[in-house]
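Hello,

Here is the structure I promised to pass on to you. Please have a look, and my notes follow right below.

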Amino acid sequence: MAEAIAQEGTIPESRAAPKASAPVRALERMGLVRDIDLALHVPLRYEDETRLTRIADAHDGDTVQVEGVVTDSQVTYRPRRQLVARIRDDSGSMVLRFVNFYPSHQKALARGVRVRARGDVRAGFFGREMVHPGFKAVEPGAPLASALTPVYPTVAQLPQAYLRKAIASALQRAPLHEMLPPEVVPAGLPALRDALQRVHHPSADAALGALLDHSDPAWQRLKFEELLAQQLAQHEARLQRASLHAPPLPAVPGALHDRLLAALPFRLTAAQQRVGREIAADLAQPRPMHRLLQGDVGSGKTVVAALAATTAIDNGWQCALMAPTEILAEQHFRKLVQWLAPLNVGVAWLTGSRKGRAREAMVARAASGDAALVVGTHAVIQDDVRFARLGLAIVDEQHRFGVEQRLELRRKLGSQASGGQEPHFLMMSATPIPRTLAMSYFADLDVSTIDELPPGRQPVTTKLFADTRRDEVVARIRDEVARGRQVYWVCPLIEESQTLDLKNATETHRQLCAALPDRMIGLLHGRMPAREKTAVMSLFGGGQMPVLVSTTVIEVGVDVPNASLMVIEHAERFGLAQLHQLRGRIGRGSDASVCVLLYGGALSPTAKERLRAIGQTHDGFEIARRDLEIRGPGEFMGARQSGDALLRFADLAEDAPLLQHARAVAPRLLASDPQAARAHVQRWLGNRADYFKA
Ligand code: ADP
Ligand code: MG
């Protein structure tokens with residue numbers, strides 16, 4: 001959203017009045033429809049029209065309001081067409097300069113008119129001046145504003161003055177009565193209506209700093225309201241879930257689960273054993289499990305999921321495992337077949353590229369129950385896919401699915417267990433969710449964390465290189481390949497332009513083919529046919545192809561332990577958590593591994609600092625926390641896809657104490673005054689309340 005310049009004078013009356021439809025449409029587009037929406041559209045900053053500065057006292061760099069009579073007004077053409085007006089008070093004179101102006105400006109600034117102008121003063125060639133000040137005509141002695149003037153985020157079609165009026169009147173009409181019992185609200189915070197009044201129209205002597213940094217009690221009240229709504233929605237979702245039924249899936253001693261455990265070529269880490277017990281305890285209950293299994297890349301989540309799957313199968317139920325990409329689904333499929341086929345477990349495989357008779361056969365196996373385990377992409381939840389007895393649904397890299405997709409998934413799979421029962425859900429994520437975020441967005445999820453890597457992993461060394469040193473990097477690749485090791489080269493996915501992506505990856509591929517003419521260099525990108533992707537992946541996985549150039553399709557979960565070098569091109573375009581995940585593809589074997597971050601062009605010091613930060617820490621939680629600071633929770637929520645910011649007022653990094661409070665009072669309020677609780681959620685979230693169930 002652009003902030004339109006706050007200047008009443010730019011809107012010629014004759015244009016604004018009869019055609020109110022453009023601003024009205026803009027209001028709608030910004031979601032400002034109900035009075036309450038407008039009342040909750042809060043200012044970005046304020047302008048002080050409560051006092052006047054003498055022109056002689058207005059200094060370079062000050063933001064002031066002055067009042068004077070226009071002594072001269074003309075359109076000049078050097079250096080470009082502009083309107084230049086000079087105003088004078090009894091202390092001096094000042095130039096008002098407009099590069100963009102309407103004829104109405106000229107009229108409004110005719111000689112002899114008395115105006116008040118607001119803006120930044122600068123020392124110009126002809127003395128003091130303001131460029132594009134806000135201004136309005138006034139009668140001599142007109143009263144000054146009694147409150148600060150709010151400046152709202154808006155768009156060009158919605159003039160600040162129009163929006164200001166709309167909000168001021170909506171604020172009067174909006175149903176802002178207190179709905180919360182006073183004991184719920186933290187002590188010392190104003191009533192909601194008073195808080196909004198203060199945020200929109202602070203008095204002339206208000207401490208502006210506290211309003212701007214949102215520490216003011218009025219802001220605290222808004223934040224609390226919002227956090228409470230969110231906690232209530234979550235708590236309600238949790239209560240709803242507790243009333244559902246699921247098939248209890250207790251451990252069956254000596255059956256598949258135990259046999260798989262005995263057949264594994266490694267011992268589970270202590271952390272894997274612990275989360276395994278947490279999951280087993282949930283599965284044994286007659287209520288659906290709803291658990292998030294988080295663990296850094298390489299921490300070994302897949303085997304934990306496979307063990308949970310065998311428990312479901314031991315009880316005579318089916319399990320579905322869904323992954324966000326075809327490559328990942330395929331990899332899971334292979335691994336699971338390798339583990340489970342010797343135990344005579346039927347595994348089916350469903351992806352978007354699987355069509356025709358092969359697909360029909362898989363769908364039939366799911367429907368008949370012949371496939372005890374069905375692995376795939378979102379194809380698993382397509383309409384015609386039915387399960388005979390779905391007892392457990394596992395979603396890998398769940399944060400890669402958007403909020404809407406996750407809801408869809410729960411709706412679809414939720415109806416697939418037989419006898420009015422729901423399946424158990426296990427979500428997995430390699431992007432560890434910071435505590436505050438887990439508390440605020442995922443309260444309906446129980447969380448298990450694998451906080452330990454399998455033994456023998458070598459930490460990955462991360463190096464930062466300017467793109468101009470590409471040749472050195474290529475030389476390094478040659479060495480690595482000569483030692484029998486494998487290399488990933490990752491190119492960024494530019495969402496707006498898949499074509500550009502492709503160019504980037506194919507160009508790099510061509511360069512590497514030229515530099516290593518006797519080696520097989522693979523290329524992998526999102527638009528390749530699935531069959532081809534699979535072929536490339538299996539060549540790389542099998543070791544015949546030492547170098548793989550790819551877009552971020554390899555980001556999630558790919559596991560090739562012999563890969564020891566990763567080059568990430570245009571590393572500055574990636575999020576920190578994403579870089580960390582990518583980097584997690586290497587360092588899986590026992591050899592030391594290196595990740596080279598190539599950055600293009602001139603990088604700002606902060607951008608470089610950010611990349612350096614990732615070299616200094618290997619703690620996925622720490623990285624996720626920083627990413628949260630830099631990019632906000634959208635990354636974790638998949639909210640980006642839905643375009644909806646879930647928190648508008650509160651800030652998870654700053655408002656942990658308020659969040660704690662909201663979290664503590666939400667269950668009490670739901671119990672003591674469910675009607676107030678529901679009304680509060682409706683006021684703040686409307687239909688977005690559903691998001692907290694995803
Ligand atoms: P992620 O948690 O990132 O999904 P994976 O499940 O792909 O990690 O596991 C990474 C690799 O570590 C796999 O090759 C897996 O077989 C192996 N692995 C998992 N658990 C252990 C363990 N306890 N000891 C040794 N290797 C393990
Ligand atoms: Mg994984």
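**What I found in the model**

Let me begin with one loop residue: threonine 617 touches Arg583, Glu622 and Ile623, leaving aside residues up to four places away in sequence. Contact here means heavy atoms within 4.5 Å. Threonine 617 sits in the loop between α20 (605-616) and α21 (620-631). Helices (H or I, at least four residues) and strands (E, at least two) are DSSP runs, numbered from the N terminus. With a relative accessible area of 12%, threonine 617 is buried; buried means under 20% relative accessible area, exposed over 50%, and partly exposed in between (1.4 Å probe, protein chains only). Its C-alpha lies 9.5 Å from that of threonine 462, although the two residues are 155 apart in sequence.

Some housekeeping before the rest. This is a predicted model, in which local features need pLDDT of at least 70 and side-chain atom pairs count only at pLDDT 80 or more, while totals for chains, interfaces and linings use all residues. Residues are numbered from 1 along each chain as its sequence is written, chains are lettered from A and ligands numbered from 1 in the order in which they are written, and side-chain values use heavy atoms, with hydrogens and water left out.

**The protein overall, and how far to trust it**

The protein has 25 helices and 21 strands. Of its 694 residues, 54% are buried. If you take the contacts between residues at least 6 apart in sequence, 78% of them join residues at least 24 apart. The exposed surface comes to about 30,300 Å², and carbon and sulfur atoms supply 53% of it; accessible areas come from the Shrake-Rupley method with a 1.4 Å probe, and for residues only the protein chains shown count as cover.

Mean pLDDT, the predictor's confidence in each residue from 0 to 100, is 84 for the protein, and 88% of the residues reach 70 or more. Where is confidence lowest, and where is it highest? The low end is helix α23 (residues 639-642), at a mean of 36, and the high end is helix α10 (residues 270-283), at 97. Over residues 1-19 the pLDDT stays under 50, and the model has 41 contacts beyond four places in sequence for them. Residues 637-645 are also below 50, with 22 contacts in the model beyond near neighbours in sequence. Where pLDDT is low, the predicted coordinates should not be read in detail.

**Around ligand 1**

This is probably the part you will open first. Ligand 1 is surrounded by 17 residues, and the closest are Gly298, Lys301, Thr302, Arg457 and Asp559; a residue is near a molecule if one of its heavy atoms lies within 4 Å of it. The shell divides into four nonpolar, six polar and seven charged residues. In that split, Ala, Val, Leu, Ile, Met, Phe, Trp, Tyr, Cys and Pro count as nonpolar, Asp, Glu, Lys and Arg as charged, and the others, Gly among them, as polar.

Several backbone N or O atoms approach the ligand:

- From arginine 267, such an atom lies 2.8 Å from a nitrogen atom of ligand 1.
- From glycine 298, the distance is 2.6 Å, to an oxygen atom of ligand 1.
- From serine 299, the distance is 3.5 Å, again to an oxygen atom of ligand 1.

Taken alone, ligand 1 exposes 570 Å², and the protein buries 87% of that.

**Two buried arginines**

Arginine 291 lies in strand β9 (residues 290-295) and counts as buried, at 10% relative accessibility. A polar contact of 2.8 Å joins its side chain to that of serine 448. (A polar contact is a pair of N or O atoms within 3.5 Å; within protein, one must be able to donate a hydrogen and the other to accept it, and residues adjacent in sequence count only if both atoms are side-chain atoms.) Beyond four places in sequence, arginine 291 touches ten residues' worth of neighbours that include Glu278, Asp282, Phe425 and Ser448.Arginine 585 is in the loop between α19 (576-583) and β21 (593-599). At 1% relative accessibility, arginine 585 is buried. A polar atom of its side chain lies 3.4 Å from the backbone oxygen of glutamine 581.

**Two histidines with positive phi**

Histidine 132 has a phi near 50 degrees, a positive value in a residue other than glycine. Histidine 132 is in the loop between β6 (127-131) and β7 (134-137). Histidine 214 has a positive phi of about 65 degrees, although it is not a glycine, and lies in the loop between α7 (208-212) and α8 (217-242). Are these histidines buried or partly exposed? Histidine 132 counts as buried, at 19% relative accessibility, whereas histidine 214 is partly exposed, at 26%.

Best wishes
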